[in-house]
Amino acid sequence: MKRWMIATLLVLALGGAGLFLVMQKGPQAQPLHVLLIPADGGTESGTLADYQPIFNAVSRSTGLTFDLKVAQSYGAVVEGMCNGAADIAFVGPVTYLQAKDRGCAELLAVAVKSGASVYYAGLFARKDSPISAIADLRGKRVAFGDVNSTSSFVFPLTMLMDAGIDPAKDLKDVRLTGSHASSLAALLQGRVDVAALSFESYEKAVRENVPGVRDVKIIARSDPIPYPPLVVNSRLPVSTRDRLKTAFQNIAQEPGITPEMIRGYGGGQVDGYDAHFSAAKFAPAAQKMAMVSDAMKGEILKKSAERR
């Protein structure tokens, strides 16, 4: 009762400014912590530049504030969600499934572009390379990203396996670069014959005129993959989760929000966000994840460590 009387007196004494100060000292004054997978070569600036616009837009429409940070690895994002260090995260489909299986995360929203919420993994080679199909990868050097990455590791690995290639036995060398951009750089620098990365990362490199990127060709494209989602910590109050979902669902219609502010993976402009995206649509990613067993990962890690 005394606290309520003091707050009332402050409002009466200071007017609107007093109300603002009292509200700023409440629980909502604390920013929500957002953790992002290192989608742009692991650099803080690149990944933040991709996702800062959409969180600025949500902040403008709701008054919520966000503290964005970039993790050092995909696994670190899962740990951040599960140990309570992160309230929201941008993750790959496999990373989401890992956090979901541990009871740490639920879907918040998935970007929509041209009416769809899908993206693709790809295998890329230099245009002057004789490699033209997955079958040509036997005895070649291949760069993959993070072992927990959907489009730079899990899906490309299963593409090889579906083609009858054992990545641990049939490839000459394996490089685990940690990110899409680093795998592309390894290809452009001639350190590998083929690089596995998402088409979003490749297209971003083209938009930014990365030297040599226009001399790259596509060897193979994966099946459609559910778009990398934004997820919310299961520990957050239901009211906060619902407020966030409503904000993302309606963000494209909010006054003062320009199309340029609505960004997604790789910093590309998207049409909006779907906060009602069904978790069941991640089943294909779960099936691919199951194909890449811990034993297979261990063999790939060992082969990467043996690389000279």
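How many bridges join strand 4 to strand 13, and do the two run parallel or antiparallel? Three bridges link strand 4 (residues 105-112) to strand 13, and the pair runs antiparallel. One pair of facing residues is Val-112 and Gly-272, the latter in strand 13. This is a predicted model.

**The sheet**

Now take the whole sheet. Six strands make up an open sheet. Their order is 2-1-3-12-4-13. The pairing is mixed. Strand 2 (66-70) and strand 13 (272-274) each have a single partner strand, so they stand at the edges, and one side of each has no neighbour in the sheet. From one strand to the next, the twist averages 25°.

**Strand 1 and its partners**

Strand 1 (32-36) is mostly covered. Four of its five residues are buried. Strand 1 runs parallel to strand 2, and five bridges join them. Strand 1 also pairs with strand 3 (88-90). That pairing is parallel too, over three bridges. Val-34 takes part on both sides: its bridge partner in strand 2 is Leu-68, and it stands opposite Ile-88 in strand 3.

The table sets out the strand pairs described here.

| Strand pair | Direction | Bridges |
|---|---|---|
| Strand 1 and strand 2 | parallel | five bridges |
| Strand 1 and strand 3 | parallel | three bridges |
| Strand 4 and strand 13 | antiparallel | three bridges |

**A helix across the sheet**

Which strands does helix 3 lie across? Helix 3 (residues 44-62) lies across strand 1, strand 2, strand 3, strand 12 (230-233) and strand 13. Helix 3 runs at about 160° to strand 2.

How values were computed: Residues are numbered from 1 along each chain as its sequence is written. This is a predicted model: local features need pLDDT of at least 70, side-chain atom pairs count only at pLDDT 80 or more; totals for chains, interfaces and linings use all residues. Side-chain values use heavy atoms; hydrogens and water are left out. Two strands pair if DSSP finds at least two bridges between them. Axes are lines fitted to C-alpha atoms, for helices over the stretch in contact, and angles run from 0 to 180 degrees between N-to-C directions. Contact means heavy atoms within 4.5 Å. Buried means under 20% relative accessible area, exposed over 50%, partly exposed in between (1.4 Å probe, protein chains only).
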